[in-house]
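Q: Could you take me through one helix pair in this model, please? I would like a close look at how the two pack.

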Amino acid sequence: MGRTARAAVLGAYGEPLEIRDVEVGDLRDDEVLVRIAGVGICHTDLTAAAGGVPVPVPAVLGHEGSGVVEAVGSAVDALVPGDHVLLSYSACRDCINCANGHPAYCTRFALRNYSGRRADGSTTLSMNSVALHGNWFGQSSFATHAVVAASDAVQVAGDLPIELLGPLGCGIQTGAGAVLRVLRPRTGSSIVVFGGGAVGLAAVLAAVIAECSTIVVVDPLPTRRELALTLGATAVFDSAEPDLAKKLRAATGGGADHSVDAVSTPEVLATAVAVLRSPGSCVTVGLRGGRNPVTLDQSALLMGRSVTGVIEGDADPQQFLPELIALWRAGKFPFDKLITTFDFDDLPAALEATRSGAAVKPVLTFASSEGQA
Ligand SMILES: [Zn+2]
Ligand SMILES: [Zn+2]
């Protein structure tokens with residue numbers, strides 16, 4: 001097809017991303033070409049750029065894309081050019097975990113999301129005719145165009161603000177799914193959320209939907225604590241507060257029914273378990289990169305407390321993302337309040353705002369005429 005795109009290329013771990021002209025290869029039968037309208041920046045992109053995830057370089061990162069279908073492979077019948085789509089992680093839809101309704105735990109997850117290649121070893125992108133690793137989370141959407149398996153694209157209505165939807169596909173799904181799909185709080189229960197970034201604040205929005213009566217957020221940044229209160233948190237704490245676990249237990253009437261660890265250092269996970277009542281459940285969702293050993297008090301776990309590691313909210317994007325969009329339309333899930341938009345060419349500023357926490361969820365947007373193939 002000889003298509004070209006502009007993409008942010010990671011040449012080597014630890015180096016800045018550079019926006020370059022790249023070549024987009026021919027679509028496979030089951031793939032679609034998506035013109036990206038917007039793409040969120042997730043901390044996992046930063047972790048990968050620093051070398052914390054074994055994605056081979058050179059590579060194109062970006063995994064919270066949304067946009068418009070421009071072309072479809074010969075076997076694709078669910079999507080046609082012009083359809084609006086929200087992209088999420090890639091799952092094979094064929095293995096035992098996919099068949100059992102847990103595509104986030106697809107047995108081919110690493111191959112499909114981190115290897116930078118299709119299953120047949122080919123790459124979706126090249127630069128100066130040299131292979132460029134795409135397929136990051138099945139999309140590599142820090143680019144004007146992305147090649148995506150049709151089964152990883154969720155079709156959405158054309159009247160939605162398509163450029164803002166991308167974060168639903170990873171960060172928002174992660175926080176909301178951890179609460180609504182895994183913890184499943186009862187009405188009136190209590191929850192403590194560690195980390196007031198996009199994942200933690202999505203967990204807060206979900207806790208409001210679940211009608212938790214006590215929603216406590218712990219974060220070092222005053223701006224995020226203030227934002228958490230506007231989104232439905234009932235109390236907030238600075239993570240540097242002395243005797244934090246004791247104060248959180250007091251704030252939840254003697255211990256929380258649930259906790260969400262979106263920070264995932266050993267210290268924060270231990271605190272997230274220590275604040276639980278008995279019985280109580282904690283989910284830990286942060287990706288630190290590499291091994292991350294923690295020490296927990298096993299005798300506390302014996303008293304009916306549990307810790308579950310969760311990625312992507314254990315949610316099936318094809319089911320869960322339309323549910324979140326319906327809640328947003330009903331005014332019950334204002335995830336857009338977490339978003340700050342940046343032009344794609346302002347990528348360095350957007351990355352810095354992600355690192356510093358100045359922006360909760362930066363979204364890169366593209367001029368609609370850009371990169372028309
Ligand atoms: Zn699978
Ligand atoms: Zn992510």
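Is the crossing of α5 and α6 left-handed or right-handed?

A: Happy to help! The crossing of α5 and α6 is right-handed, meaning that the near helix is turned clockwise from the far one by less than a right angle (anticlockwise would be left-handed). This is a predicted model, where local features need pLDDT of at least 70 and side-chain atom pairs count only at pLDDT 80 or more, while totals for chains, interfaces and linings use all residues. Residues are numbered from 1 along each chain as its sequence is written, with chains lettered from A and ligands numbered from 1 in the order in which they are written.

Now the pair itself. Helix α5 covers residues 198-209 and helix α6 residues 222-231; helices are DSSP runs of H or I, at least four residues, and strands runs of E, at least two, numbered from the N terminus. Their axes lie 10 Å apart at an angle of about 20°, using lines fitted to C-alpha atoms over the stretch in contact, with angles from 0 to 180 degrees between N-to-C directions. That makes α5 roughly parallel to α6 (under 35 degrees; over 145 is roughly antiparallel, 65 to 115 roughly perpendicular, the rest oblique).

At the contact, L201, V204 and L205 of α5 meet L227, A228 and L231 of α6, with C-beta atoms, placed from the backbone, within 7 Å. The contact residues comprise 6 nonpolar, no polar and no charged; nonpolar covers Ala, Val, Leu, Ile, Met, Phe, Trp, Tyr, Cys and Pro, charged covers Asp, Glu, Lys and Arg, and the others, Gly among them, are polar.

For context, the chain holds 11 helices and 18 strands, and its C-alpha trace spans about 65 × 40 × 35 Å along the principal axes.

Conventions:
Contact = placed C-beta atoms within 7 Å.
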